[in-house]
Amino acid sequence: MDLAAFLEPGLYPVFLLDSDGGFEPWGHLLRRPGRAATFLASARRQADEALLLSVVLPGFRLLPDGSLRPARGATAPICLAGAVSSCRVWAEKELFVLKLKNLARVID
């Protein structure tokens, strides 16, 4: 799934769905012009660890069929599943940069 194809540049909050993390973001999705979307996490993750994530997308409305429609002032949470392919330290920001493989949107 190429998130960079439809996301505006910016920083999007990401929530880990299979934890008791509450309402604090687990990490962020960073979208920079001309680059792939990058997941930033506050803790190290192991290779091949499966993650179930929720990304909150501003400027979209989630329709009953699971599709997204641009809508000013709206927000839409989408659920993503993937496995960690690599995790490296971004020491300057005290964060971890994750690459995810088999990233797919989960629609229930």
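A residue is called buried when its relative accessible area is under 20%, exposed when it is over 50%, and partly exposed in between. Keep that in mind as you work through these exercises on a predicted model.

**Exercise 1. Find which residues of β3 are buried, and on which sides of the strand they lie.**

Step 1: Locate the strand, which covers residues 38–41.
Step 2: Look at one side, where Thr38 and Leu40 are buried.
Step 3: Turn to the other side, where Phe39 and Ala41 are buried too.
Solution: both faces of β3 are covered.

**Exercise 2. Work out which strands pair with β3, and which residues stand opposite Leu40.**

Step 1: Start with β2, which pairs with β3 in the antiparallel sense over four bridges. Across this pairing, His28 stands opposite Leu40.
Step 2: Follow the hairpin that β2 and β3 form, with six residues between them. In its turn, Gly34 has a positive phi of about 75°.
Step 3: Now take β6 (residues 95–106), which is antiparallel to β3 and joined to it over three bridges. Here the bridge partner of Leu40 is Val97.
Solution: Leu40 has His28 opposite it in one pairing and Val97 as its partner in β6.

**Exercise 3. Trace the order in which the six strands close into a barrel.**

Step 1: Begin at β1 and go on to β2 and β3.
Step 2: From β3, step to β6, then β5, then β4.
Solution: the barrel order is β1-β2-β3-β6-β5-β4, with antiparallel pairing. From one strand to the next, the twist averages 40°.

**Exercise 4. Describe how β5 is joined to β4 and to β6.**

Step 1: Strand β4 (residues 50–62) and strand β5 (residues 68–90) run antiparallel and are joined by twelve bridges. In this pairing, Arg61 stands opposite Arg69.
Step 2: The hairpin of β4 and β5 has five residues between the strands, and Gly66 takes a positive phi near 95° there.
Step 3: On to β6, which pairs with β5 in the antiparallel sense over ten bridges. Val89 stands opposite Phe96 in this case.
Step 4: The hairpin of β5 and β6 has four residues between the strands, and Glu94 takes a positive phi near 55°.
Solution: β5 has twelve bridges to β4 and ten to β6.

**Exercise 5. Decide whether Ser54 and Leu62, both in β4, are buried, partly exposed or exposed.**

Step 1: Ser54 lies in strand β4. Its relative accessibility is 10%, so Ser54 counts as buried.
Step 2: Beyond its neighbours within four places in sequence, Ser54 has contacts that include Pro13, Phe15, Leu17 and Ile78.
Step 3: Leu62 also belongs to strand β4. Its relative accessibility is 38%, so Leu62 counts as partly exposed.
Step 4: Set aside the neighbours of Leu62 within four places in sequence, and its contacts are Ser67, Leu68, Ala76, Pro77 and Arg105. Leu62 and Thr75 are 13 residues apart in sequence, with 8.0 Å between their C-alpha atoms.
Solution: Ser54 is buried, whereas Leu62 is partly exposed.

**Exercise 6. Find the surface patch that includes Leu17.**

Step 1: Place Leu17 in the loop between β1 (10–16) and β2 (27–31).
Step 2: With a relative accessible area of 42%, Leu17 is partly exposed.
Step 3: Add Leu52 and Val106, which form a nonpolar patch on the surface together with Leu17.
Solution: the patch consists of Leu17, Leu52 and Val106, with about 210 Å² of accessible area together.

Note on methods
Residues numbered from 1 in each chain as written. Predicted model: local features only at pLDDT ≥ 70, side-chain atom pairs only at ≥ 80, totals over all residues. Heavy atoms only, no water. Patch = residues over 30% accessible without salt bridge, like charges linked within 9 Å, V, L, I, M, F, W, Y side chains within 5 Å. Areas by Shrake-Rupley, 256 points an atom, 1.4 Å probe, with all protein chains shown as cover. Salt bridge = Lys/Arg side-chain N within 4 Å of Asp/Glu carboxyl O. Helix = DSSP H or I, 4+ residues; strand = E, 2+ residues; numbered from the N terminus. Buried < 20%, exposed > 50% of the residue type's maximum accessible area, 1.4 Å probe, protein only. Pairing = 2+ DSSP bridges. Axes fitted to C-alpha atoms, helices over the stretch in contact; angles between N-to-C directions. Contact = heavy atoms within 4.5 Å.
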